[in-house]
Amino acid sequence: MIEVQNLSVRVGDTRAVRRVNLSIGAGERLGVVGESGSGKTMLALALMGMVPDGLTVDGVIRIDGNDLSRASETTWAAYRAQKIAMIFQEPMSALNPLRRIGDIVAEPLLVHQGISRNDARQKVLALFDETGIPDANRRLQQYPHQLSGGQRQRVLIALALACDPSLLIADEPTTALDANIALRITDLLVRLSRERQMALLFISHDLSAVSRTTEDLLVMYGGDIVERGKTRHLLASPSHPYTSGLLSARPRIEQNAGPRRLPTIPGTVPSLFDLPPGCRFAGRCDRELPICRATIPQPAATVSGGFASCHLLNQPSQDQTGQAPR
Amino acid sequence: MKQSLLSVENISRHYRLPRRRLLDRQPVLTAVDGASFQLQRGETLGVVGESGSGKSTLAKMVMAFERPDQGRVLFDGSDINELSAAALKQIRRHFQMVFQDPFGSLDPRRKVGWSIAEPLRAMATDDLSQINDRISATLQQVGLQARDADKYPHEFSGGQRQRIAIARAIITHPALLVADEAVSALDVSVQAQILNLLMDLKQELGLGILFISHDLAVVASICDRILVMRNGRIIETGPTAQVLTNPAHEYTGTLLVAAQI
């Protein structure tokens with residue numbers, strides 16, 4: 001479906017995304033989690049062929065078997081909407097306030113599929129029904145400001161689905177929404193991915209939203225994928241110090257709750273131009289080794305059945321140096 | 001009976017909305033509807049609810065930025081809406097606020113030291129000769145360095161900017177801090193640092209904190225007690241552990257589900 005090999009996005013001398021490999025098959029749901037500056041949005045834009053001017057993309061992006069890494073803008077334009085579609089964080093700014101909802105969602109159908117207005121209208125009604133927008137006939141005539149935040153996000157999803165894409169990229173789709181609305185949107189994305197056998201790339205900094213939505217997970221930091229694996233296993237037993245740090249710094253609801261200090265990751269997310277050349281988490285890591293700062297760690301197998309790029313995993317473990325493994 | 005630091009008695013606030021048609025009556029939005037609660041010194045009270053539930057309007061009334069249509073807000077026993085303008089200005093030093101957006105709340109053209117000292121100049125009652133010492137001490141209190149006073153806001157990260165905003169709020173030695181979504185715009189790794197800072201300041205300074213957030217997990221990790229708001233009403237209130245383990249209201253249960261991993 002979509003396959004990415006050795007993808008980098010260069011900004012001058014530095015890289016916002018460094019040698020990323022991933023693949024998502026039909027009906028699979030992959031999550032990307034990371035803080036601001038981790039490169040997750042840049043990765044999404046590279047997959048849409050929409051990296052801002054001045055940045056260069058290297059590596060292979062294969063969609064349904066076709067390599068798009070050197071594709072022209074015209075080729076990309078044909079793939080966008082038809083094969084890959086994207087939904088964004090802020091549904092209000094992604095919808096033209098001067099146009100009616102029905103016209104907005106019908107546009108890709110008229111442009112890309114060349115069907116009649118009447119057929120497009122029927123298709124839009126079906127999409128509204130599929131994405132759980134009630135009172136579809138009346139909605140066609142409404143403007144974005146007349147809808148609530150959750151409804152706008154559903155309209156954006158309907159718009160993205162209009163041309164039946166094989167991959168849907170959702171970049172922080174629940175961040176601007178209230179908790180209970182966010183729950184319904186993630187449920188909707190999971191259902192759509194299953195029913196349509198559509199690949200879903202779900203990008204978020206919200207670990208709860210990612211864990212509800214995805215089967216596989218990538219953890220990004222400073223443009224690198226630092227850990228990957230099955231979402232459930234990875235979150236249950238993280239291997240990379242950054243993943244563990246992120247999980248423990250996150251406020252949790254516990255039974256014996258009450259005010260308590262949270263474990264923290266020292267320092268702040270460094271700027272793109274200030275990243276260490278080796279492991280990008282060096283300098284903030286509490287288990288740093290002398291090798292970390294200068295040498296890029298290679299992915300190694302983790303206890304959760306995934307991979308993590310961390311020098312600690314390549315160190316001789318206690319089993320080998322001390323007692324014999326049982 | 002011990003006097004509460006903050007006592008809110010049955011306050012309501014309505015806003016008139018634009019007319020739908022020329023001769024229609026103006027529709028009225030009830031932002032806060034009969035809210036009552038108390039906050040003690042050294043206590044952190046969380047206010048949680050979705051957007052539009054009235055959390056921020058409540059904060060504005062506690063800060064005397066808005067006047068309630070009904071009810072009273074008592075700070076240390078005196079009704080802040082009955083005070084003269086001069087008297088209100090005098091006691092404002094005792095309750096300060098931290099806002100959500102650390103980018104929008106600092107003047108980009110002023111050095112950080114100037115911004116932090118602004119509340120002191122606004123009071124105009126303190127001895128301003130020692131103002132630089134106060135700035136240095138406060139910066140150190142929030143985990144920054146004294147020399148940071150000579151930098152501009154753009155030289156700091158989001159988390160550091162939120163530390164600056166907190167420094168500005170505590171420089172007047174307030175008894176009450178109102179934090180409206182103070183960590184919502186921060187990354188998880190930095191959010192934990194700021195939450196810990198607020199907890200430390202509460203201990204050191206005996207601050208009462210009114211902590212407003214839409215995120216139940218964040219509120220649960222810092223607050224002694226929680227209020228849950230919905231549609232302008234307080235629908236649930238109690239000690240943190242009780243609200244979390246035994247939510248009385250269905251909506252609180254939804255918030256709990258949304259925060260699970």
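Chain A of this predicted model has a mean pLDDT of 89. Of its residues, 96% reach 70 or more. Residues 318–326 of chain A form a stretch where the pLDDT is below 50. Beyond near neighbours in sequence, this stretch has four contacts in the model.

The interface with chain B was examined next. On the chain A side, 35 residues are in contact with 36 residues of chain B. The area buried between the two chains is about 2,800 Å². Carbon and sulfur atoms give 60% of that area. One salt bridge is found across the interface of chain A and chain B. It joins the side chains of R261(A) and D200(B), with an N to O distance of 2.4 Å. Polar contacts across the interface of chain A and chain B comprise 10 residue pairs, with both residues at pLDDT 80 or more.

Three helices of chain A each supply at least two residues of the side that touches chain B. These are α7 (179–196), α8 (207–213) and α10 (241–249). Helix α8(A) gives the most to this side, with four residues. By class, the side of chain A that touches chain B has 16 nonpolar residues, 10 polar residues and nine charged residues.

Within chain A, helix α1 spans residues 40–47 and is mostly covered. Six of its eight residues are buried. The buried set of α1(A) begins with K40(A) and continues with L43(A), A44(A), L45(A), A46(A) and L47(A). G49(A) follows α1(A) and has a positive phi, near 65°.

In chain B, attention turns to Q162(B). This residue lies in helix α5 of chain B, which covers residues 158–170. Q162(B) counts as buried because its relative accessible area is 0%, against a cut-off of under 20%. Leaving aside residues up to four places away in sequence, Q162(B) touches V98(B), F99(B), Q100(B) and P102(B). On the same basis, Q162(B) also touches A182(B), L186(B) and I194(B). With Q100(B) there is a polar approach: the backbone oxygen of Q100(B) lies 3.2 Å from a polar atom of the Q162(B) side chain. S12(B) lies 150 residues from Q162(B) in sequence. In space, the two are 30 Å apart, C-alpha to C-alpha.

Key
Residues numbered from 1 in each chain as written. Chains lettered and ligands numbered in written order. Heavy atoms only, no water. pLDDT = per-residue confidence, 0-100. Contact = heavy atoms within 4.5 Å. Buried area = accessible area lost by both parts, 1.4 Å probe. Salt bridge = Lys/Arg side-chain N within 4 Å of Asp/Glu carboxyl O. Polar contact = N/O pair within 3.5 Å; in protein donor to acceptor, adjacent residues only side chain to side chain. Nonpolar A, V, L, I, M, F, W, Y, C, P; charged D, E, K, R; others polar. Buried < 20%, exposed > 50% of the residue type's maximum accessible area, 1.4 Å probe, protein only.
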